[in-house]
Amino acid sequence: MSQHALLSAGTKAWRSLACSRSELRLDLTLGCGQSFRWRETGDGHWTGVMGGRVWTLTQTDDTLWYHTYNSPNTTAEGDGRKRKAGALLQGSKGSGKRSKGVKEQEDEEPVAVTPDPDRKEEDLLNDYFQLKVKLGDLYSEWGEADPHFKSIANIFTGVRMLRQDPAECLFSFICTSNNHISRIQGMVERLCQSLGTPLCQLDQTSYHDFPSLHALADNSVEACLRDLGFGYRARFLQQSARQILDSHSGHQWLQGLRSAPYLQARDALRTLPGVGPKVADCVCLMSLDKACVVPVDTHVWQIAKRDYSCAAGNGQKSLTDKVHREIGDFFRHLWGPYAGWAHSVLFCADLKKFQKLKETPSLKQEEEEKKVKIKVEGEGMGRNKKIRKTCDRKVKKYVKEEEVE
DNA sequence: GACTCACCTTT
DNA sequence: AAGGTGAGT
């Protein structure tokens, strides 16, 4: 039986791409709840389905390594079939610290061993991780505009927005209401395993493609998903799929929203059952190229109040449309055209599972933080106040520009 | 336009 | 009580 690939078993079955940790951190980017399809299958090794194939990804300091698996259904290109089970070096350090472990145990030369004639896989990765967007430059800009961001940025580097398939993103996020990441992951996994095309099996785990629109739209789907523990979301999924297929022209409609202006795309998505402001914004940001969108949930609202003394919705009990708008505008303003990307960094830094990264900062990080603190105390409040004052005016301008986009 | 509550399931 | 939506007031 096939096994999950491990870089420590040798680089023969792997290809690589130059990519530093400051541009991409797999653990944060794949684990922060934007995609629910990736699992850590080995120390620092992430396995998931993307672009209709199964991938394992891992990284060393300046290199992103990738391995894809053959599946019966895919017309196999002669890619690395040699997954030697011989040297299964299982965590030679035996530590649970993943990023550290990888750094220590892997010093291979960043050489692409197996050729990828079409560069098809390289293209897929470049597109999925949007590697042409220079994250380091954006972090600098956000840090300039926002002292609090700067204090987080030293630890949470390389948090990047994925460019996901719109359908997968939409149906995954319909599952997110009243829900948390670990349970959503389980639901999406069950969704794929019961309705998606099987791709391959590795170490007792079977990997499936995300279900097609047709599979999701079938009348039997609601009952099926209720059995799988989807609750009231079961109906939303089936009905949304049905509606996209019937009243819209299927996949083309979803894909087409990539070139539509933000507000238009968001309104279009909101006609679907189970899609409110939060889900629509997530789909816009994570699959429809709307980098400026800041999806607002109760969590982001807390961050706005706690870390930015943002007054938006202060007298409110619940997250109304108005509060959504105000918080979104506030952050769009602070961070600019890639505000949605910046938001995901803060969001990530606030997740319980990543809190341990803050506990043992390296000496270098501590020094950086001291510097930041001094700066923040000097100019922080004044700057925030100023931003808030000019918020309304600038936002109108911003939206206008966007509508023309 | 803005607010409340029921809806599922798990912690 | 939760990382939300939709129907009703």
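## Helix α3, the open sheet and the DNA strands

The cover over the buried residues of helix α3 includes β1, α1 (26–31), β3, β4 and β5. Here, contact means heavy atoms within 4.5 Å, and buried means under 20% relative accessible area, with a 1.4 Å probe and protein chains only. Helices (H or I, at least four residues) and strands (E, at least two) are DSSP runs, numbered from the N terminus.

This is a predicted model, in which local features need pLDDT of at least 70 and side-chain atom pairs count only at pLDDT 80 or more, while totals for chains, interfaces and linings use all residues. Residues are numbered from 1 along each chain as its sequence is written, chains are lettered from A and ligands numbered from 1 in the order in which they are written, and side-chain values use heavy atoms, without hydrogens and water.

Helix α3 spans residues 120–129 and lies across β1, β3 (45–50), β4 and β5. Its buried residues are Glu-121, Glu-122, Leu-125, Tyr-128 and Phe-129. Viewed down the axis of α3, these residues fall within an arc of 135°, so they line one face of the helix; the arc is that of the directions from the helix axis to the C-beta atoms. After α3 comes Gln-130, with a positive phi near 50°.

The five strands form an open sheet in the order β1-β5-β4-β3-β2, with antiparallel pairing. Because β1 (15–18) and β2 (39–42) stand at the edges with a single partner strand each, one side of each is left without a neighbour in the sheet. Two strands pair if DSSP finds at least two bridges between them. Strands β4 (residues 53–60) and β5 (residues 63–68) pair over six bridges, and Thr-60 stands opposite Thr-63 in β5.

The model also holds DNA. DNA strand B is surrounded by 13 residues, among them Tyr-232 and Arg-233, whereas 18 residues lie around DNA strand C. A residue is near a strand if one of its heavy atoms lies within 4 Å of it. For DNA strand C, α13 (277–287) and α14 (298–308) each supply at least two residues of the nearby surface. The table gives polar contacts, which are pairs of N or O atoms within 3.5 Å.

| Protein residue and part | DNA atom | Distance |
|---|---|---|
| Arg-233, side chain | strand B, base oxygen | 3.3 Å |
| Thr-320, side chain | strand B, phosphate oxygen | 3.2 Å |
| Tyr-232, side chain | strand C, base nitrogen | 3.4 Å |
| Val-279, backbone | strand C, phosphate oxygen | 2.9 Å |
| Asp-297, side chain | strand C, base nitrogen | 3.4 Å |

How values were computed
Axes are lines fitted to C-alpha atoms, for helices over the stretch in contact, and angles run from 0 to 180 degrees between N-to-C directions. Buried means under 20% relative accessible area, exposed over 50%, partly exposed in between (1.4 Å probe, protein chains only). A polar contact is a pair of N or O atoms within 3.5 Å; within protein, one must be able to donate a hydrogen and the other to accept it, and residues adjacent in sequence count only if both atoms are side-chain atoms.
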